[in-house]
Amino acid sequence: MLWKFSQRAQAQKSSVIREILKVTEQDDVISFAGGLPSPDTFPIAEIQSAVNTVFASNDVYGALQYGPTEGYAPLRQWIADYLSHRDQVAVSADEILIVTGSQQALDLIGKALIDEHDKVLVESPTFLGALQSFNQYNPEYIAVESDQEGLIPESIDDELAKSAKFFYTIPNFQNPTGRRLSVSRRQALAVKTKLNDLVLVEDDPYGELDYRGQRLPALYTLARENTVYLGSFSKILAPGLRLGYVVANKLFISKLVQLKQASDLHTPSLTQYIAYQIVSKNNFLSQHIPKIRQLYSTRCQYMLHSLAQYMPKEVHWNEPEGGMFIWVELPQNMNATELLREAISRKIVFVPGETMFAQRDKTNCLRLAFVTVPEEKIDRGIKILAEIINQHIKK
Ligand code: PMP
């Protein structure tokens with residue numbers, strides 16, 4: 001059969017990360033590749049008990065029925081209350097849309113805002129999954145400059161800010177760099193975007209994973225009118241639930257609702273009911289999140305220690321204060337994608353940075369994810385990776 005794929009479908013490439021993950025299914029591979037949360041953090045007993053509660057009550061009929069596109073009302077209300085308390089802002093339930101993972105929100109936002117060749121500002125590098133979603137609508141990407149503190153607001157030209165459709169940013173423990181945007185830059189960015197009516201899409205799946213529990217002000221609290229905030233339960237409960245949410249002004253939410261109807265009618269009722277049972281009981285997240293932070297912080301320290309011990313002096317990396325990733329810069333002339341081929345033959349995987357730059361203009365970077373790898377394997381894996389890099393440097 002010769003499938004007559006649309007131009008849009010033909011242009012879509014499968015994600016390098018997904019391809020790499022296929023290799024990692026072999027048992028003896030040490031994978032620093034996937035952005036997966038550690039299964040050790042899944043609250044299995046609580047999920048089991050929540051399922052039992054839903055099925056033992058009349059809730060089961062709602063949980064198995066079609067539901068409203070906006071999401072399960074008690075969960076929306078819970079999110080509104082949670083955010084209002086956490087971020088010290090008033091958020092109401094009708095400013096919230098529950099989505100099938102925040103990945104769906106990225107697709108819906110692309111659909112809602114991007115016409116062909118529209119300008120979209122992105123960090124450089126940025127989340128590959130966002131580029132994949134936006135690519136479908138064929139934007140022109142403009143990379144915003146950044147350094148160790150994250151993006152540099154002053155580098156955004158005012159005329160460009162006025163003409164661009166939106167700026168997609170991950171201010172907390174960014175994927176892939178692990179960087180967190182400083183408070184002063186958040187403030188400067190809020191001022192700049194308000195002044196130029198630039199929509200900010202603030203993607204925040206890692207914000208709760210701050211090792212010291214010191215949350216910085218979210219952009220949507222600083223630039224409420226022009227910010228669309230994305231939250232996710234993937235890294236604090238379990239990604240298999242496929243639950244995320246959007247916080248935005250009601251008009252924007254109602255547009256996303258129309259687009260979501262065409263896409264999947266609504267996010268599964270069952271997982272929404274289950275999640276609500278878990279999070280609404282005994283302040284569950286306030287006990288659970290510190291355990292995740294503790295585990296991730298320990299693994300991060302471990303990897304930093306191994307990097308310091310084995311890597312040649314020509315290699316540089318950051319020391320994240322939260323999240324799941326360390327960003328490594330190799331010497332200029334090295335190509336991380338080529339390095340990956342060699343690493344795979346020695347059963348080590350990581351994600352080369354190249355695909356995470358909208359312009360694919362930087363090839364000497366790679367992302368290391370540490371949270372799913374036990375400590376002994378972190379040490380062994382980094383040692384082997386350092387050997388491979390060292391051989392290249394000496395060539
Ligand atoms: N945004 C970023 C920055 C991510 O890293 C991820 C997941 N890796 C997502 C969104 C998608 O998360 P979800 O599971 O909520 O769809």
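**Ligand shell, sheets and unusual bonds**

Student: Which residue has a side-chain N or O atom 2.7 Å from an oxygen atom of the ligand?

Tutor: Keep in mind that this is a predicted model, where local features need pLDDT of at least 70, side-chain atom pairs count only at pLDDT 80 or more, and totals for chains, interfaces and linings use all residues. Residues are numbered from 1 along each chain as its sequence is written, and side-chain values use heavy atoms, leaving out hydrogens and water. The pair you ask about is a polar contact (N or O atoms within 3.5 Å; within protein, one must be able to donate a hydrogen and the other to accept it, and residues adjacent in sequence count only if both atoms are side-chain atoms). The ligand oxygen finds its partner at 2.7 Å in the side chain of Ser232.

Student: How much of the ligand does the protein bury?

Tutor: Let's add two more polar contacts: a ligand oxygen lies 2.9 Å from a polar backbone atom of Gln103, and a ligand nitrogen lies 3.5 Å from a side-chain N or O atom of Lys235. Taken alone, the ligand exposes 400 Å² (Shrake-Rupley method, 1.4 Å probe), and the share of this that the protein buries is 91%.

Student: How many charged residues are in the shell around the ligand?

Tutor: The ligand is surrounded by 14 residues (a heavy atom within 4 Å), and Ser102, Asp203, Tyr206, Ser232 and Ser234 are the closest. Counting Asp, Glu, Lys and Arg as charged, Ala, Val, Leu, Ile, Met, Phe, Trp, Tyr, Cys and Pro as nonpolar, and the others, Gly among them, as polar, the shell has five nonpolar, six polar and, as charged residues, three.

Student: Which strands stand at the edges of the seven-stranded sheet?

Tutor: Strands here are DSSP runs of E, at least two residues long, and helices are runs of H or I with at least four, numbered from the N terminus. Two strands pair if DSSP finds at least two bridges between them. The sheet is open and mixed, in the order E2-E10-E9-E8-E7-E3-E4. Pairing on one side only are E2 (96-99) and E4 (140-144).

Student: Which residue is the bridge partner of Leu200 in E9?

Tutor: E8 (residues 199-203) and E9 (residues 227-232) run parallel, paired over four bridges. In E9, Leu200 is partnered by Thr227.

Student: Why is one side of E11 and of E14 left without a neighbour in the sheet?

Tutor: Four strands make an open antiparallel sheet ordered E11-E12-E15-E14. E11 (316-317) and E14 (351-352) are its edges, so each has a single partner strand.

Student: Which residue of E15 is the bridge partner of Val351?

Tutor: E14 and E15 (residues 365-369) run antiparallel and are joined by two bridges. The partner of Val351 is Arg367.

Student: Which proline follows Asn175 through a cis peptide bond?

Tutor: Most peptide bonds are trans. One cis bond joins Ser124 and Pro125, with omega about 5°, and Pro125 sits in the loop between E3 (119-123) and H7 (128-135). The other bond you ask about has omega of about 20° and joins Asn175 to Pro176.
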